[in-house]
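Reader: Mind walking me through this one? Let's get it on screen, and then I'll fire away.

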Amino acid sequence: MRAKSKDEAKLNPFAKALLLGVLFFLPFLISNILTADYFERKNAVSLEEEVEFFEKALNAEELTQLYGKNIDSDKVKVLPKNKVVILGYHQIREIESIDGPKTRLFITSPKIFEKEMKLLKDKGYTSISLVEYINHLKNEKENPIPEKSVVITFDDGYVTQYTEAFPILKKYGMRATLFLYMDCIDKYPACLSSLQIKEMLDSGITVANHTLRHTFLPEQRESIIKKEILDNQNLLEKTFGKENVEKVLAYPYGGQNEKIKFLVQNLGYSGAVGITRGTGKDAYNIFNLDRYLMGDKIELFEELFKD
Ligand SMILES: [Zn+2]
């Protein structure tokens, strides 16, 4: 019995040291868990995830507009003729049988995409950048734009934006803005590489901010929201050159609120876009401009650009 208690006594200093060690590193561990670093993406944003948070970001009316029979063109609210349509694309690839009806809102087949770009060209539209349009909204006289203007945007940096969309954009002489979250670029097979993006920059493509980790901002603290936006901006400018980065933001999943819009304005951004379908309550608010989510239905597109 005596020998045993001696052994226990020998173990105690070791256990104490272990305990001290854990206690020493505990604040470090907790702070790591609490900061954004913990939320590093394990993969590129999936379309299922896109749909899940997108539904959180929209109100009931906006959802009905999206998923009801309003997906057909009949009830789509078309912007007044003097306003510019902002198009929002995600993946440009063939629709597969496993793609659900909701995720199809984020997929446009190359054939439909080409039809749309051809239609814009045939009708004499000029693609302008989002910043050009925002400057025009701020002061129409000082910043004129072509009578038939359109803004083309792509979100998330999917590789098919290079393999499928880019050749078509070039063919029809259309410019576009890519909203990128840098935690995707060069990391996952589904994402663009910085080399591909640099090649696109030489042909009239610009890039812009979509937060660092594609974070649903309304659920985050202000410090994290700021970090998500500023860290991404720094990486974009460092990788692609300040002159190629438009100072605009696309809210991941379209998620925003009054506080976030105010913050983005205070961070010096020209403006921001969400993803609605012509239903946004503050469609002409420069910090939540209405953007048409383009899926694979050409009817919406035809409705938007009919004479
Ligand atoms: Zn996105």
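Author: Happy to, starting with some vocabulary: two strands pair if DSSP finds at least two bridges between them, and both helices (H or I, at least four residues) and strands (E, at least two) are DSSP runs, numbered from the N terminus. This is a predicted model, where local features need pLDDT of at least 70 and side-chain atom pairs count only at pLDDT 80 or more, while totals for chains, interfaces and linings use all residues. Residues are numbered from 1 along each chain as its sequence is written, and side-chain values use heavy atoms, with hydrogens and water left out.

Reader: Right, the sheet. Which residue in E5 is the bridge partner of Ser-127?

Author: Start with strand E4 (residues 126-127), which pairs with E5 in the parallel sense over 2 bridges. E4, helix H5 (residues 130-138) and E5 make a right-handed β-α-β unit; right-handed means that, with the strands pointing away from the viewer, the path from the first strand over the helix to the second runs clockwise. As for Ser-127, its bridge partner in E5 is Val-150.

Reader: And which residue of E5 stands opposite Leu-87?

Author: That takes us to strand E1 (residues 85-89), joined to E5 by 5 bridges, with the two running parallel. Opposite Leu-87, in E5, stands Ile-152.

Reader: How many residues of E5 are buried?

Author: Buried means under 20% relative accessible area, exposed over 50%, and partly exposed in between (1.4 Å probe, protein chains only). On one face of E5, Ser-149, Val-151, Thr-153 and Asp-155 are buried, and on the other Val-150, Ile-152 and Phe-154 are too. For E5 (residues 149-155), the buried count is 7 of 7.

Reader: Moving on, which residue in E6 is opposite Asp-155?

Author: E5 and E6 run parallel and are joined by 3 bridges. Between them comes helix H6 (residues 160-171), and E5, H6 and E6 make a right-handed β-α-β unit. The residue in E6 opposite Asp-155 is Phe-179.

Reader: Then which residue in E7 is the bridge partner of Leu-180?

Author: Strand E6 (residues 176-180) runs parallel to E7, and 5 bridges join them. The chain gets from E6 to E7 through helix H7 (residues 194-201), in a right-handed β-α-β crossover. E7 (residues 205-209) is mostly covered, with 5 of its 5 residues buried. Leu-180 has as its bridge partner in E7 Asn-209.

Reader: Last of the strands: which residue in E8 partners Val-207?

Author: E7 pairs with strand E8 (residues 245-250) over 3 bridges, in the parallel sense. The path from E7 to E8 goes through helix H8 (residues 222-240), and this β-α-β crossover is right-handed. The bridge partner of Val-207 in E8 is Val-245.

Reader: I spotted a metal. At what distances is the zinc ion coordinated?

Author: Donors here are N, O and S atoms within 2.8 Å of the metal (3.2 Å for Na, K and Ca), and sites may look incomplete because water is not among the atoms. The donors follow the spacing D-x53-H-x3-H along the chain. His-210 counts as buried at 1% relative accessibility, and His-214 does at 1% too. Asp-156 (OD), His-210 (NE2) and His-214 (NE2) coordinate the zinc ion at 2.0 to 2.1 Å.

Reader: How far apart are the sulfur atoms of Cys-184 and Cys-191?

Author: A disulfide here is a pair of cysteine sulfur atoms within 2.5 Å, and a search of the whole structure finds 1. Cys-184 is buried, with a relative accessible area of 1%, and so is Cys-191, at 6%. Their link is left-handed, with -105° about the S-S bond. The sulfur atoms of Cys-184 and Cys-191 are apart by 2.0 Å.

Reader: And the aromatics: which residues do ring pairs link into a cluster?

Author: Rings of Phe, Tyr and Trp (its six-membered ring) pair if their centres lie within 6.5 Å, with planes under 30 degrees apart counting as stacked, over 60 as edge-to-face and the rest as tilted. Phe-53 and Phe-216 form a tilted pair, 5.2 Å centre to centre with 45° between the planes; Phe-53 lies in helix H2 (residues 47-57) and Phe-216 in the loop between E7 and H8, so the pair ties together parts that are 163 residues apart in sequence. The rings of Phe-53 and Tyr-253 have centres 4.8 Å apart and planes at 35°, so that pair is tilted. The cluster linked by ring pairs is Phe-53, Phe-216 and Tyr-253.
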